[in-house]
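Okay, everyone, thanks for coming. Let me put today's model up on the screen, and then we'll walk through it together.

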Amino acid sequence: MARINLTTVSEFILMGFTDHPRLERLLFLVFLSFYLVTLLGNVGLIILIHLDVQLHTPMYFFLSHLSLLDTCYTSVITPQILATLTTGQVVISFGQCSAQFFFFTICAATECFLLAVKAYDRYVAISNPLLYTVAMNPRICWRVVVGAYVCGVSAAILCTTCTFTLSFCDNNQINFFCDLPPLLKLACSDTTSNEIIIIFFGNFVILANALVILISYLLIIRAILRVKSSGGRAKTFSTCASHLTAVALFFGSLVFMYLRTGSSKSPEEDKAVSVFYTVVIPMLNPLIYSLRNKDVKAAFKKVTGRLQVSQKM
């Protein structure tokens, strides 16, 4: 049955997580602590990589950009969540919503490409250690990173254009940030062609990068099996453990959020998964990459030692 007397939406209302004031205050403190830990971990890792010469390698160069992306895309979302928890709901204009969607999509899509690049980097390091610095020289590393950002921006332009050229009518309430699934549900114009383009391109970005990661790790496993000692095999594979963990968390969340069929989706599940990959994963990544990393630990001790000496002087 066709809708009548539709009012075009010029703003959206971002809803909070609960109607209970005490719980909102508790959630505010939780999200604020998550955000501060995320900033401290990621910015600290970037500074550490910049200061320590031993970390001036392709692996840590890519890691610094992953930390930058995590910092940026949680900063696009979390302050808005904190504002929503403070007031219960926040009115956001059409332009602000599209800007938030655009910058979030840039960061998420670019991270997909960089995680694939990092998998290839691990393959080159393990299969050809003697030629690693030649194969992944600074010029190639910069070209690959710039290419990842260009692909991320292109994906964001396409998805934002397809989403915000739709007409939004009547109900304008969405979850705590402007994400694709709730926006498509609010559209009152025909979304078929737009959804086909978004789904096709989104699937391409996720699945193509997942395929690169899968092939890279199959080749890594083949290279590891050629190592004669079991201790050597374990030591070699341990260099990939943190990256595999980050890949599983990030791509698992994206697949669950965006590649499920409409019949299997629920608003509460979408909200929980959205919080996980926009707030929790950026906080966990610095811990995943540094807790069992001897190079990062050594660099941290060296930098803190310098600071202590400079303070005594």
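Let me start with a question: is arginine 122 buried or exposed? Arginine 122 is buried, with a relative accessible area of 7%. Keep in mind that this is a predicted model, so everything I say is about the prediction.

Right, so who does arginine 122 pair with? Its side chain meets the side chain of aspartate 121 in a salt bridge, at 3.3 Å from N to O. And aspartate 121 counts as buried too, at 0% relative accessibility.

Let me zoom out for a second. We've got 313 residues, and buried ones make up 44% of them. There are 10 helices and 3 strands. If you read along the sequence, the pattern goes β-α-α-β-α-α-α-β-α-α-α-α-α. Now take the contacts between residues at least 6 apart in sequence: 80% of those join residues at least 24 apart. As for the outside, the accessible surface comes to about 16400 Å², and 68% of that belongs to carbon and sulfur atoms.

Back to the charges. How many salt bridges does the count come to? The count is 2. You've seen one of them, arginine 122 with aspartate 121. The other joins the side chains of aspartate 52 and lysine 302, 3.4 Å from N to O. Aspartate 52 sits in the loop between α1 (21–51) and α2, while lysine 302 is in helix α10, residues 294–312, so this pair ties together parts that are 250 residues apart in sequence. The two ends have their own exposure values. Aspartate 52 is buried, with a relative accessible area of 2%, whereas lysine 302 is partly exposed at 36%.

Next up, the cysteines. How many disulfides does the structure hold? It holds 1. The partners are cysteine 97 and cysteine 178, with their sulfur atoms 2.0 Å apart. For those of you who like torsions, there are -130 degrees about the S-S bond, and the link is left-handed. Cysteine 97 is in helix α3 (residues 94–127) and cysteine 178 is in the loop between β3 (173–174) and α6 (180–186), so the disulfide ties together parts 81 residues apart in sequence. Both cysteine 97 and cysteine 178 are buried.

Then there's cysteine 72, which is in no disulfide. Why not? A disulfide needs the two sulfur atoms within 2.5 Å, and the nearest cysteine sulfur to cysteine 72, the one of cysteine 107, is 5.1 Å away. Cysteine 72 is partly exposed, at 34% relative accessible area. Cysteine 151 is partly exposed as well, at 31%. And cysteine 188, over in the loop between α6 and α7, counts as partly exposed at 25% relative accessibility. Cysteine 188 and asparagine 171 are 17 residues apart in sequence, and their C-alpha atoms are 9.9 Å apart in space.

Okay, let's rotate to the surface. Which residues form a nonpolar patch there? They are Leu211, Leu214, Ile215, Leu218, Ile221, Leu225 and Phe237, and together they have about 660 Å² of accessible area. Helix α7, residues 192–225, gives the most to that patch, with 6 residues. Take isoleucine 215 as an example: it's in helix α7, and it is partly exposed, with a relative accessible area of 42%.

Last stop, helix α2, which runs over residues 58–87. Proline 58 lies in that helix and is buried, with a relative accessible area of 11%. What is proline 58 in contact with, leaving aside its neighbours within four places in sequence? The partners are Asp121, Tyr132, Met136 and Cys141. And yes, that's the aspartate 121 from the salt bridge with arginine 122. Proline 58 is also 9.5 Å from isoleucine 140, C-alpha to C-alpha, though the two are 82 residues apart in sequence.

Threonine 84 is in α2 as well. At 1% relative accessibility, threonine 84 counts as buried. A polar atom of its side chain lies 2.8 Å from the backbone oxygen of glutamine 80.

That's my tour. Who wants to go back to one of those views?

Definitions and conventions: Residues numbered from 1 in each chain as written. Predicted model: local features only at pLDDT ≥ 70, side-chain atom pairs only at ≥ 80, totals over all residues. Heavy atoms only, no water. Helix = DSSP H or I, 4+ residues; strand = E, 2+ residues; numbered from the N terminus. Buried < 20%, exposed > 50% of the residue type's maximum accessible area, 1.4 Å probe, protein only. Patch = residues over 30% accessible without salt bridge, like charges linked within 9 Å, V, L, I, M, F, W, Y side chains within 5 Å. Areas by Shrake-Rupley, 256 points an atom, 1.4 Å probe, with all protein chains shown as cover. Salt bridge = Lys/Arg side-chain N within 4 Å of Asp/Glu carboxyl O. Polar contact = N/O pair within 3.5 Å; in protein donor to acceptor, adjacent residues only side chain to side chain. Contact = heavy atoms within 4.5 Å.
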